[in-house]
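Work through the exercises below with the sequence and the model open. Try each task before reading its solution.

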Amino acid sequence: MIADWIAEMVREFIEGWDLIQVLGEGTFGEVKLLVNNGNGEACAMKEIDLQNHPEAEECVKKEICVHKLLKHKQIVQCYGSRQEGSRQFIFLEYCSGGEVFDRIEPDVGMPEFQAQKFFNQIICGLEYLHKKGVSHRDIKPENLLLDEND
């Protein structure tokens with residue numbers, strides 16, 4: 001019974017890659033989790049429907065170009081992109097640790113040592129971006145993603 005439900009939820013998106021679940025939603029589309037059915041490798045896929053959001057086309061082109069310039073351990077890695085009709089796909093590193101937002105306890109915050117660790121990583125990533133001439137413009141805990149090692 002559960003296996004049937006899981007099989008219904010999982011579908012092959014690209015040959016060898018299964019679409020597992022929606023990870024989140026943004027202004028112009030969704031981010032979905034893809035898993036390679038051969039080796040178990042995970043990838044995040046941002047999907048934007050340009051027909052429903054024609055105003056996003058220039059932003060998406062810029063995002064792809066900027067991502068291609070960046071390679072740093074504190075910046076989500078872009079593996080590539082493709083367009084099918086009016087749908088644009090961007091394939092990104094999957095950050096299995098979730099958002100920094102989820103680590104902040106309401107009315108408490110987080111332990112100082114953990115906040116310092118995250119702060120140092122943020123500053124390191126921002127310094128790299130600024131050296132490349134890139135400004136993030138939307139830094140907030142919901143947009144700070146963590147890998148399995150935080």
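**Exercise 1. Charges**

How far apart are the mean positions of the positive and negative charges of the chain?

Solution. The model is a predicted one. Begin with the two groups: the chain has 16 positive and 27 negative charges. Then take the mean position of each group; these two points are 9 Å apart.

**Exercise 2. The chain as a whole**

Describe the order of helices and strands, then the extent and surface of the chain.

Solution. Step one is the count: the chain holds three helices and eight strands. Step two is their order, which from the N terminus reads α-β-β-β-β-α-β-β-β-α-β. Step three is the extent: along its principal axes, the C-alpha trace spans about 45 × 40 × 30 Å. Step four is the surface, with an accessible area of about 10200 Å², 52% of which belongs to carbon and sulfur atoms. Of the 150 residues, 29% are buried. Last come the contacts: among those with a separation of 6 or more, 49% are between residues 24 or more positions apart.

**Exercise 3. Following β4 to its partners**

Which residues are the bridge partners of Glu47 in the pairings of β4 with β3 and with β6?

Solution. Start with β3 (residues 29-36) and β4 (residues 42-49), which pair in the antiparallel sense over seven bridges. In this pairing Glu47 is the bridge partner of Glu30. The two strands form a hairpin with five residues between them. In its turn lies Gly40, with a positive phi of about 80 degrees.

Now turn to β6 (residues 87-93). β4 and β6 are also antiparallel, with seven bridges. Here Glu47 has Phe89 as its bridge partner. The partners are thus Glu30 in one pairing and Phe89 in the other.

**Exercise 4. Cysteines**

How many disulfides does the chain have, if two cysteine sulfur atoms must lie within 2.5 Å?

Solution. A disulfide is a covalent bond between the sulfur atoms of two cysteines. Applying the cut-off of 2.5 Å, the count is zero. Check Cys59: the nearest cysteine sulfur belongs to Cys65 and is 12 Å away, and Cys59 is in no disulfide. Cys59 counts as partly exposed because its relative accessibility is 44%, and partly exposed means between 20% and 50%.

Check Cys124 in the same way. Cys124 is in no disulfide, and the nearest cysteine sulfur, that of Cys95, is 15 Å away. With a relative accessibility of 29%, Cys124 therefore counts as partly exposed.

Conventions:
Residues numbered from 1 in each chain as written. Predicted model: local features only at pLDDT ≥ 70, side-chain atom pairs only at ≥ 80, totals over all residues. Heavy atoms only, no water. Pairing = 2+ DSSP bridges. Helix = DSSP H or I, 4+ residues; strand = E, 2+ residues; numbered from the N terminus. Buried < 20%, exposed > 50% of the residue type's maximum accessible area, 1.4 Å probe, protein only. Contact = heavy atoms within 4.5 Å. Areas by Shrake-Rupley, 256 points an atom, 1.4 Å probe, with all protein chains shown as cover. Lys, Arg positive; Asp, Glu negative; His and termini not counted. Charge placed at Lys NZ, Arg CZ, Asp CG, Glu CD.
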